[in-house]
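Welcome! Let's take a friendly walk through a structure with more than a single chain, starting with the broad picture and then visiting some of the details.

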Amino acid sequence: MQPETQSLLQLDVAKVYGDFELNVTTSVALSGVTGLFGPSGSGKSTLLRIIAGFEKDVSGSVRTPDEVWQDSHSRLYVPAFRREVGYVFQNARLFTHLDVSGNLRYASDRSSGVGPEWDDVVSALDLAPLLQRSVAGLSGGECQRVALARTLLSKPRLLLLDEPLAALDSARKHEILPYLEALPGRFAIPAIYVSHSVDEIVRLAERVLVLRAGKVHAQGNTVDVLNSLESENEFAAADSATVLEARVHKQLPDLHLTELLFEQQSLFVPALPSHQLGQRVLLRVHANDVALATSSPRNCSVRNVLAGQLAQIQEFPGSPFALASVDIGGVTLRARLTRHAVHELKLTAGAQVYALLKTATLADRDL
Amino acid sequence: MPDLGPLWLSICLAATTTVLLLLLGTPLAWWLATTHSRLRPAVEAFTALPLVLPPTVLGFYFLILLGPASAIGSFWVRVTGEALTFSFSGLVIASVFYSLPFMVQPLQRAFEGVGLAPLEAAASLRASFADAFFSVVVPLARRGFLSASVLTFAHTIGEFGVVLMVGGNIPGETRVISIQIYEHVETLNYAGAHILSAGLLFFSFAVLLFVYAVNSRGRLHAT
């Protein structure tokens, strides 16, 4: 992890179109990956386009530490091509009149200064076998890899990713995600990653900015923000989930597992072979996938048993279910249980419980 | 052996018109393809006028507009010492307007097909507008440029009414191939008229065949 610098992108922008109004005043740290998260139509892509310089008609200002990009008061507008910002589009937007290497050269011919170099980028995205191919013959995943490489070769100071996985099917997402995960560390370019998928944000972003109906709804550390969003959604307990921050403890290649440590307790997840020891891993645990026991279970197939204290039980009248909150070293894990189980086990707040998580549920199912 | 002078003059006129229209029609077509201005329908209608007006109407106004008594005509006389009417230069000006829709409409459709997305991608890769236009938009719209140029060239070759009104029938200056055919028929030289007419017929068919073949290939590629 590089130290957090105080380098900020300051946004104070408003834009009206039709009956939708985007109104955002905030600042985004220019380091690591910031997730820009929100439902469709919340204005995330518009905000990203404003940062890129694709929207000229904006009131307010966009400022970086060394430059003002846009300011409606002084009628200042730095066009997109002068902002040194890289943009990866949802649908790649490769130039179809050029082959793969032509697309990459388009970027490298126009870039200058320090930044990712050709060989490094081509090897990071495994593009060597594709270089001579025509763009028309590429799969969706390959297109996105080429688009990422092309953007990196323009040596951007800020990388904007506009739902780069949204147009891909689940298998292709799996193909691209490891690349996306590795890029910020490898090339040290700050990124803003737009997505409406919590799982993508959890996996890629260390900070998150949540937009709703054109306004900033929440902002901060990914774990805190997403967990606070979840608790707000109590009524939708079925979708409730908790984001846990764990660190890689040991690789178990024979078992195809990786052992993580979460609050001094072990968690086994499907192997994350590219992760370093001590590297941070965020896990999103759905309340539906957590079972509770009052004693540490023996003769049980579940590998992940976390000891904790029952903080709260919320029963939903007229429903078979209850939502239990378990405190594990200060982190609240939610479990969706039947009310029947709550009564039989005599679960009450303050009781010592063991939360059971099947390893299979910790695979990235949604990605 | 038929006189090749009119054929050569037609080719010169068509080539000059095509080059000038590429320069003038490209920005106009781009503006029409991308603008949200309320003036757009009016400009589109104006551009399409030569498709519906009788050439004699256009020719008549050009005769007045370019004549030595008009501002443009007298200015031209002062600068060059020659009149614009009944001259090759006058023919070029009239042809540029007469063939305008044949250049602008295919280009506009091609630009609309390319859209703004590739320009934004190019801008995010440090390409200025002019750079992106020539390095991305033009190659992506190359079929449109080809169709537009070929149609403009062919349409100018086939021009008659406007030429007759503005240029008259001066050998080596304004007597283009269509005028020559008219001349042959008037003087009952049917053999000469046959040769030139058949030549124009085959030429026009070949041009249209080429344009349609290029465009259908484009459609196949697009799917």
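Let's begin with chain B: among its contacts between residues at least 6 apart in sequence, 72% join residues at least 24 apart. Please keep in mind that this is a predicted model. Buried residues make up 37% of the 223 residues in chain B. If you measure the C-alpha trace along its principal axes, chain B spans about 65 × 40 × 30 Å.

What does the secondary structure of chain B come to? The count is twelve helices and zero strands. Reading along the sequence, you meet the pattern α-α-α-α-α-α-α-α-α-α-α-α.

**How helices pack in chain B**

Two packed helices are described by the angle between their axes and the distance between the axes. Here are three helix pairs from chain B to look up in the viewer.

| Helix pair | Angle between axes | Distance between axes |
|---|---|---|
| α1(B) and α5(B) | about 55° | 9 Å |
| α6(B) and α9(B) | about 170° | 8 Å |
| α1(B) and α9(B) | roughly 140° | within 8 Å |

Start with α1(B), which covers residues 5-34, and α5(B), which covers residues 88-98. At an angle of about 55°, these two helices are therefore oblique to each other. Their crossing is right-handed. On the α1(B) side, the residues that meet the partner helix are Leu13(B), Thr16(B), Thr17(B), Leu20(B) and Leu21(B). They face Leu91(B), Val92(B), Ser95(B) and Val96(B) in α5(B). Sorted by class, this contact has six nonpolar, three polar and no charged residues.

Helix α1(B) also packs with α9(B): their axes come within 8 Å and cross at roughly 140°. That angle makes α1(B) oblique to α9(B), and the crossing is right-handed. From α1(B), the contact uses Ser10(B), Leu13(B), Ala14(B), Thr17(B), Thr18(B), Leu21(B) and Leu22(B). From α9(B) come Ser149(B), Thr152(B), Phe153(B), Thr156(B) and Ile157(B). By class, there are six nonpolar, six polar and no charged residues in this contact.

How are α6(B) and α9(B) oriented to each other? Helix α6(B) spans residues 100-114, helix α9(B) spans residues 142-157, and they pack at an angle of about 170°. They are therefore roughly antiparallel, since an angle over 145 degrees counts that way. Residues in α6(B) that take part are Phe102(B), Met103(B), Pro106(B), Leu107(B), Arg109(B) and Ala110(B). In α9(B) they meet Arg143(B), Gly144(B), Phe145(B), Ser147(B), Ala148(B), Leu151(B), Thr152(B) and His155(B). This contact divides into eight nonpolar, four polar and two charged residues.

**Over to chain A**

The secondary structure of chain A comes to eight helices and 20 strands. Its radius of gyration is 23 Å, close to the 21 Å that the globule rule gives for 367 residues, so chain A is as compact as a globular protein of that length. Along its principal axes, the C-alpha trace of chain A spans about 70 × 50 × 35 Å. Buried residues account for 39% of the 367 residues in chain A. Of the chain A contacts between residues at least 6 apart in sequence, 66% join residues at least 24 apart.

For a close-up, find Leu159(A) in strand β8 of chain A, which runs over residues 158-162. Is Leu159(A) buried or exposed? Leu159(A) has 22 other C-beta atoms within 10 Å, and because 20 or more count as buried, this residue is buried. Leaving aside its neighbours within four places in sequence, Leu159(A) is in contact with Gly86(A), Thr151(A), Ile189(A), Pro190(A) and Ala191(A). Leu159(A) and Glu84(A) are 75 residues apart in sequence, while their C-alpha atoms are 9.1 Å apart in space.

Next, look at helix α2(A), residues 100-110. Its buried residues are Val100(A), Asn103(A), Leu104(A), Tyr106(A), Ala107(A) and Ser108(A). These buried residues pack against α3 (118-124) and α4 (140-153) of chain A.

**Where the chains touch**

How many residues of chain A are in contact with chain B? There are 19 from chain A, in contact with 13 residues of chain B. On the chain A side, β7 (85-88) and α2 each supply at least two residues. The chain A residues that touch chain B divide into eleven nonpolar, five polar and three charged.

Conventions:
Residues are numbered from 1 along each chain as its sequence is written. Chains are lettered from A and ligands numbered from 1 in the order in which they are written. This is a predicted model: local features need pLDDT of at least 70, side-chain atom pairs count only at pLDDT 80 or more; totals for chains, interfaces and linings use all residues. Axes are lines fitted to C-alpha atoms, for helices over the stretch in contact, and angles run from 0 to 180 degrees between N-to-C directions. Helices (H or I, at least four residues) and strands (E, at least two) are DSSP runs, numbered from the N terminus. Angles under 35 degrees count as roughly parallel, over 145 as roughly antiparallel, 65 to 115 as roughly perpendicular and the rest as oblique. A crossing is left-handed if the near helix is turned anticlockwise from the far one by less than a right angle, and right-handed if clockwise. Two residues are in contact if their C-beta atoms, placed from the backbone, lie within 7 Å. Ala, Val, Leu, Ile, Met, Phe, Trp, Tyr, Cys and Pro count as nonpolar, Asp, Glu, Lys and Arg as charged, and the others, Gly among them, as polar. A residue is buried if 20 or more other C-beta atoms lie within 10 Å of its own, exposed if 12 or fewer, and partly exposed in between; C-beta atoms are placed from the backbone. The radius of gyration is taken over C-alpha atoms; the globule rule is 2.2 Å times the number of residues to the power 0.38.
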